[in-house]
Amino acid sequence: MKKIIFLLGIAGQIAFGQDTIKRHTISLGGGLLNTSKKDRVYSLLKKQGELKGLDLRYQYENKKNIINTRIHIFQGILNTPTNTINKVKPEGGGLFIKYLREIDLKIPKIKIYGGGQMAVRADLWFPAGNVFRYGWDLNAGLDISGRVCYFLSPKLYFCFDTDLHLLGILWRPHKNGQQLSTEKLQLEKGTLATATENGYLSTPINNSFYWSNRLMVHFNMTPFLGFFVASQIDYLHVSPPTVKEGSALFTNIGISFMF
Amino acid sequence: MKSLKYLFFLLFLLFLECSKEPTESESIISDYKLVFDYLKSDYGYRDELFKDQSLDAIYKKYLPRIEKTPTKIELAKILLTIEHQELQDPHVYFSGTEKPKDLLFDDEIEFYVKPRADLFDPKLEAINIIKKDDFYTYGTVKTNPEIGYLYIRSFNRKTGGDSALGIPKGIDAVENYLKDLKDKGVKKMIVDIRSGAGGSSYVPLWVAKRFANKKAVYMIAEYDTVDGFKEEKWYVEPEGKEGFRKGKIALLTNGNTCSGGEMFVLAMLQRDNLVHMGSETEGCAGNIVDRDLANGWNLRMTNGKTKKADGSPYWKVGLKPEFIVKNTSNEGEDKVIKKAIQELRK
């Protein structure tokens with residue numbers, strides 16, 4: 001056992017280089033997602049509103065490398081502004097595991113990173129009422145990522161992150177939602193099997209455009225506790241079998257524990 | 001500098017123009033067009049002719065009327081005309097807490113909606129009722145206790161989702177009732193689906209499997225995909241701890257029998273030793289999906305097609321019984337049950 005731990009330590013040193021800066025950060029943030037989306041499978045009308053969102057992040061950082069894990073969830077009610085009766089209940093979120101490595105350009109107070117992430121995204125639409133209608137987009141794949149941080153002072157810094165989906169699998173419903181086979185599949189094999197019945201190879205060139213941009217201002221109140229305000233805008237445009245497109249602006253505040 | 005100010009002012013005006021909210025009239029006309037956008041792209045029977053005219057022809061026929069009088073009441077009248085007099089598809093209608101009918105008086109609605117004359121609930125004076133629950137009523141015929149009776153009032157109304165968890169309970173009830181009837185010496189059955197039972201495609205199949213005595217194709221479904229309609233055969237076969245698979249069955253339908261109820265009938269018709277009587281079903285083929293309009297109305301329509309096992313349609317024409325018997329009023333005995341008893345006594 002001791003040998004295994006020793007070997008893992010050596011592997012970590014090789015992977016991340018000799019370093020003297022190891023920092024763990026756990027962040028929790030919450031806020032509102034100002035959402036405007038249209039899913040042609042569900043309706044020809046755009047759905048708008050504010051959803052509630054929650055972010056939980058764990059980041060490991062050393063001199064040159066960052067590993068960031070994020071769990072995001074959201075839910076709420078959307079509707080067409082002129083239609084207060086037929087509402088939709090989106091529920092979803094994502095799991096993102098990001099690796100970034102510093103690109104050393106020797107610019108004072110600025111750090112630039114490049115890398116990528118594994119991303120699982122889910123946005124499921126349920127009817128808020130007794131109607132036969134569902135819609136969703138599920139995506140699991142790889143993104144290309146970048147980060148720029150500007151350290152105004154030892155306590156205050158800004159970071160801008162951008163992630164663009166590159167390759168993955170996209171799952172969408174049938175062309176216009178509920179089919180006879182949907183209920184049968186759901187009964188026999190469960191909801192997950194139904195949700196993943198129609199899979200497509202997804203790339204931004206042929207059918208799946210997911211692009212996220214996040215700007216965060218972080219203030220270290222103490223060496224162990226920080227406070228942040230962030231604004232993240234997510235764009236999506238997926239096409240099979242019919243188009244789903246729109247954006248969500250997630251404005252959130254939170255706290256960080258650093259150790 | 002002055003010219004720049006004018007330019008910005010013009011741009012500001014242009015921006016105002018681009019972001020202007022539609023007027024109520026524009027919104028009403030837009031909703032009329034939206035109904036047809038949905039029908040032309042999502043309606044399973046969109047390529048059929050309705051009274052020898054296409055959907056596009058119907059759209060153009062009423063467009064001048066709504067453009068001339070763009071009010072919500074006028075839109076309600078036009079859409080009800082399209083629903084009841086043009087398309088006449090029982091699976092195409094406006095549903096939800098607010099719909100076109102809600103804007104009209106009863107006598108105005110009667111102008112559009114002309115119900116069939118045989119839509120009466122069963123009269124059960126001839127039946128010794130053992131139990132009545134949310135979904136079924138069962139018992140035996142008073143004059144012939146070896147003839148059992150099962151009335152299907154409702155299937156599990158929701159499709160899929162958490163309602164699927166309730167389905168085994170519902171099917172257990174059917175099995176328990178069939179077992180009870182057999183224990184009481186029942187040798188023949190009346191299965192009565194003269195009700196609006198529907199809202200599910202799989203629950204009717206589950207119930208029919210308790211009566212099936214062989215595996216057979218009972219329905220052909222066509223699913224709408226981006227590559228066109230794709231066909232799939234649906235099968236019924238014997239299943240369940242308990243069932244009624246040998247004795248003769250009289251299956252009763254009328255114009256209330258629709259949608260999932262008709263799928264049940266299709267499955268039951270594959271069973272040997274069964275006679276179908278009553279009046280033809282409503283012809284609610286296909287599966288349904290909902291679409292919303294900007295004014296709060298909800299359009300429900302078929303998004304796929306279903307046909308009989310031999311490939312012939314039952315859309316809008318219904319399933320015709322072997323023996324046509326109708327109740328003509330709510331008074332008196334149930335003629336259909338009476339005919340069923342006569343047939344099962346043979």
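Colleague: How many residue pairs are in polar contact between chain A and chain B?

Modeller: The count is 15 residue pairs in polar contact between chain A and chain B, both partners at pLDDT 80 or more. That filter matters here, as this is a predicted model.

Colleague: Which element of chain A gives the largest share of the side that touches chain B?

Modeller: That is helix H2 (residues 180–189) of chain A, with 7 residues. Sorted by class, the side of chain A that touches chain B holds 11 nonpolar, 11 polar and 7 charged residues.

Colleague: Let's turn to charges. How many salt bridges are there between chain A and chain B?

Modeller: For a salt bridge, look for a side-chain nitrogen of Lys or Arg within 4 Å of a carboxyl oxygen of Asp or Glu. Between chain A and chain B the count is 3 salt bridges. One of them joins the side chains of Lys47(A) and Asp292(B), at 2.3 Å from N to O.

Colleague: And what area do chain A and chain B bury between them?

Modeller: About 3,100 Å², with 52% of it on carbon and sulfur atoms. Phe132(A), Leu180(A) and Glu183(A) supply 26% of the area that chain A buries against chain B, more than any other three residues. In residue terms, the contact takes 29 from chain A and 43 from chain B.

Colleague: Now chain B by itself. How many helices and strands are in it?

Modeller: Chain B has 9 helices and 13 strands. Of its 346 residues, 53% count as buried. Among the contacts in chain B with a separation of 6 or more, 73% come from residues 24 or more positions apart. Chain B exposes about 16,100 Å², and carbon and sulfur atoms supply 54% of that.

Colleague: Does a helix in there deserve a look? Why is helix H8 of chain B largely enclosed by the rest of the structure?

Modeller: A residue is buried when its relative accessible area is under 20%. In helix H8 (residues 260–268) of chain B, 9 of the 9 residues are buried, so the helix is largely enclosed by the rest of the structure. Its buried residues include Glu262(B), Met263(B), Phe264(B) and Leu266(B).

Colleague: One last residue: is Ser279(B) buried or exposed?

Modeller: Ser279(B) counts as buried because its relative accessibility is 1%. Ser279(B) is found in the loop between strand E9 (274–278) and strand E10 (288–292) of chain B. Leaving aside residues up to four places away in sequence, Ser279(B) touches, among others, Arg116(B), Asp118(B), Asn254(B), Leu319(B) and Lys326(B).

Key:
Residues are numbered from 1 along each chain as its sequence is written. Chains are lettered from A and ligands numbered from 1 in the order in which they are written. This is a predicted model: local features need pLDDT of at least 70, side-chain atom pairs count only at pLDDT 80 or more; totals for chains, interfaces and linings use all residues. Side-chain values use heavy atoms; hydrogens and water are left out. Contact means heavy atoms within 4.5 Å. Buried area is the accessible area (1.4 Å probe) that two parts lose on being put together, summed over both. A polar contact is a pair of N or O atoms within 3.5 Å; within protein, one must be able to donate a hydrogen and the other to accept it, and residues adjacent in sequence count only if both atoms are side-chain atoms. Helices (H or I, at least four residues) and strands (E, at least two) are DSSP runs, numbered from the N terminus. Ala, Val, Leu, Ile, Met, Phe, Trp, Tyr, Cys and Pro count as nonpolar, Asp, Glu, Lys and Arg as charged, and the others, Gly among them, as polar. Buried means under 20% relative accessible area, exposed over 50%, partly exposed in between (1.4 Å probe, protein chains only). Accessible areas come from the Shrake-Rupley method with a 1.4 Å probe; for residues, only the protein chains shown count as cover.
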